[in-house]
Amino acid sequence: IWQRDLSVSHDKVGEGLRAQGDLDGALDAFRHALVISRRLAQAHPSIAAWQRAFSYCLRQLAEFHEQGGQPSVALPFAEESLSIDERLSELDRSNATWQRDVAVSQALVARLRGH
């Protein structure tokens, strides 16, 4: 669980650095969060919370690159996030959060493909 907390911490640091205009630092923090969340998701594929956390990290990087004017870099992150979100939403169609995640990821992929 401490690794999940570390991933969240990296994400929050990334948000803070982005807000301060330190885009290189933010990208580095987001990448650290992704590495940790990917490792947890791969090691524990049956834990939905860790799959969702991984998807969130992917979406963060996609949005970061989209905002930086790099849609071709952003798209693979967004597509992988959408794939995870769709898989999770199939597990429980009554989970409104997972259904919303799909909609958010679909919109992101559509924007990136439209560039």
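Which residues have the most contacts inside the largest nonpolar core? In this predicted model, they turn out to be L34 and F54, in a core of 16 residues. Helices α2 (23-43), α3 (48-67) and α4 each chip in at least two residues of this core. Leaving aside residues up to four places away in sequence, L34 touches F54, C57, L58, L61 and F77. Another core, of nine residues, lies apart from this one, and A74, A78, V102 and L108 are among its members.

Now for the helix pairs. Helix α4 (residues 71-91) and helix α5 (residues 96-113) have axes that come within 8 Å and cross at roughly 155°. As angles over 145 degrees count as roughly antiparallel, that makes α4 roughly antiparallel to α5. The crossing of this pair is left-handed. On the α4 side, the contact includes P71, A74, L75, A78 and L82, and these and others meet α5 residues including W98, V102, V109 and R113. Sorted by class, the contact of α4 with α5 has twelve nonpolar, five polar and five charged residues.

At the other end of the numbering sits the pairing of helix α1 (residues 2-19) with α2, packed at an angle of about 160° with axes 8 Å apart. The two helices are therefore roughly antiparallel to each other, and α1 passes α2 in a left-handed crossing. Among the residues making the contact are L6, H10, V13 and L17 of α1, along with L23, A26, F30, A33 and I36 of α2. Here the split is ten nonpolar, seven polar and five charged residues.

Technical notes: Residues are numbered from 1 along each chain as its sequence is written. This is a predicted model: local features need pLDDT of at least 70, side-chain atom pairs count only at pLDDT 80 or more; totals for chains, interfaces and linings use all residues. Side-chain values use heavy atoms; hydrogens and water are left out. Axes are lines fitted to C-alpha atoms, for helices over the stretch in contact, and angles run from 0 to 180 degrees between N-to-C directions. Helices (H or I, at least four residues) and strands (E, at least two) are DSSP runs, numbered from the N terminus. Angles under 35 degrees count as roughly parallel, over 145 as roughly antiparallel, 65 to 115 as roughly perpendicular and the rest as oblique. A crossing is left-handed if the near helix is turned anticlockwise from the far one by less than a right angle, and right-handed if clockwise. Contact means heavy atoms within 4.5 Å. Ala, Val, Leu, Ile, Met, Phe, Trp, Tyr, Cys and Pro count as nonpolar, Asp, Glu, Lys and Arg as charged, and the others, Gly among them, as polar. A nonpolar core is a set of buried Ala, Val, Leu, Ile, Met, Phe, Trp, Tyr and Cys residues joined through side-chain atoms within 4.5 Å. Buried means under 20% relative accessible area, exposed over 50%, partly exposed in between (1.4 Å probe, protein chains only).
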